[in-house]
Amino acid sequence: MPRNRRPQDREEKREEILAAAQRLFIDNGYESASMGQIAKNAGVTVNTIYWYFRDKDDLLIAVLDRLLAEALAQYATIADRPLNDRLLWAVDQLERLHGLVNTVHTRAPASPAVHAWHTGFHELADTLIADDLRKAGAAEADLPAMTAIGTFVIEGLLTHRRGDAGKRAVIDILVHKLTTVPTRT
């Protein structure tokens, strides 16, 4: 039974629900984390969750937005590092959240909201990679294919895990090929 609490700011309660959902989604997986468990961990009733979130996918998206905001803040601190290092950092972050990565890929075909979030995430990632490739002199016409190759390699590393040296070798070759291949004029 949820405990009685002092009156609480709406945003503070929303954050507690998000924190509980994030812990359970990461530790137990999206499918295993019931709304009842999330409510219990947040110290609220299940009905309270629905005052803040339409459904479990809406809660998932809020958790993903929260994690993405944290990651982008961290990314800003390494923005001056070489592209290789930043891509390795991204792979490490995604590996840490592999359960949520799998959940997004599983839920996207069934949930328009998760599909839209996933599409937006890829657009953001493509923009970040394309900006670096532009700085390296890549032709604008080549950028969509080049960013797609980057995505395929990163998703491949998430699916087929390698040690640090193996990841470094793959990312170094990827960046070398993407930044030194003659581009179309």
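The following legends describe close-up views of a predicted model.

**Figure 1. Domain 1 and domain 2 and the contact between them.** The protein is divided into domain 1, residues 1-53, and domain 2, residues 64-180. Taken over C-alpha atoms, the centres of domain 1 and domain 2 are separated by 30 Å. Domain 1 brings 8 residues to the contact, and domain 2 brings 7 residues. About 630 Å² is buried between domain 1 and domain 2, with carbon and sulfur atoms giving 59% of this area. On the side of domain 1, Q22, I26 and Y30 supply 64% of the area buried against domain 2, more than any other three residues. Between domain 1 and domain 2 the count is 1 salt bridge.

**Figure 2. The salt bridge of R66 and E15.** The side chains of R66 and E15 meet with an N to O distance of 3.2 Å. A search of the whole structure finds 11 salt bridges, and further examples are given in the legends below.

**Figure 3. The charged end of K56 over the ring of Y30.** The charged end of K56 sits 4.4 Å from the centre of the Y30 ring. Y30 is also one of the three residues, with Q22 and I26, that supply 64% of the area domain 1 buries against domain 2.

**Figure 4. The aromatic pair of Y75 and W89.** The structure holds 3 aromatic pairs. In the pair of Y75 and W89, the ring centres are 5.8 Å apart and the planes stand at 50°, so the pair is tilted. An angle of 50° falls between the cut-offs, under 30 degrees for stacked and over 60 for edge-to-face. Y75 lies in helix α4 (residues 56-77) and W89 in helix α5 (residues 83-96), 14 residues apart, and the pair links distant parts of the chain. Both Y75 and W89 are buried.

**Figure 5. The stacked aromatic pair of W117 and F121.** The rings of W117 and F121 are 5.5 Å apart, centre to centre, with 10° between their planes. W117 and F121 are 4 residues apart in helix α7 (residues 112-135), a separation of about one helical turn. W117 is buried, with a relative accessible area of 15%, whereas F121 counts as partly exposed at 24% relative accessibility. The cut-off for buried is under 20% relative accessible area.

**Figure 6. The surroundings of H118 in helix α7.** H118 has a relative accessible area of 16% and is buried. Not counting residues up to four places away in sequence, H118 touches V104 and H105.

**Figure 7. The salt bridge of R86 and D132.** The side chains of R86 and D132 meet at 2.8 Å, N to O. R86 lies in helix α5 and D132 in helix α7, so the pair ties together parts that are 46 residues apart in sequence. R86 counts as buried at 7% relative accessibility, and D132 is buried with a relative accessible area of 14%.

**Figure 8. The salt bridge of R134 and D131.** The closest N and O atoms of R134 and D131 are 2.8 Å apart. R134 and D131 both lie in helix α7, 3 residues apart, about one turn of the helix. R134 is partly exposed, with a relative accessible area of 36%. D131 also counts as partly exposed, at 33% relative accessibility.

**Figure 9. The salt bridge of D164 and K167, part of a network.** The side chains of D164 and K167 meet at 3.5 Å, N to O. D164 and K167 both lie in helix α9 (residues 164-180), 3 residues apart, about one turn of the helix. D164 counts as exposed at 59% relative accessibility, whereas K167 counts as buried at 4%. D164 and K167 are linked with D92 and E95 in a network of salt bridges.

How values were computed: Residues numbered from 1 in each chain as written. Predicted model: local features only at pLDDT ≥ 70, side-chain atom pairs only at ≥ 80, totals over all residues. Heavy atoms only, no water. Phe/Tyr/Trp six-rings, centres within 6.5 Å; stacked < 30°, edge-to-face > 60°. Helix = DSSP H or I, 4+ residues; strand = E, 2+ residues; numbered from the N terminus. Buried < 20%, exposed > 50% of the residue type's maximum accessible area, 1.4 Å probe, protein only. Lys NZ or Arg CZ within 6 Å of the ring centre and 35° of its normal. Domains from an automatic or database assignment. Contact = heavy atoms within 4.5 Å. Buried area = accessible area lost by both parts, 1.4 Å probe. Salt bridge = Lys/Arg side-chain N within 4 Å of Asp/Glu carboxyl O.
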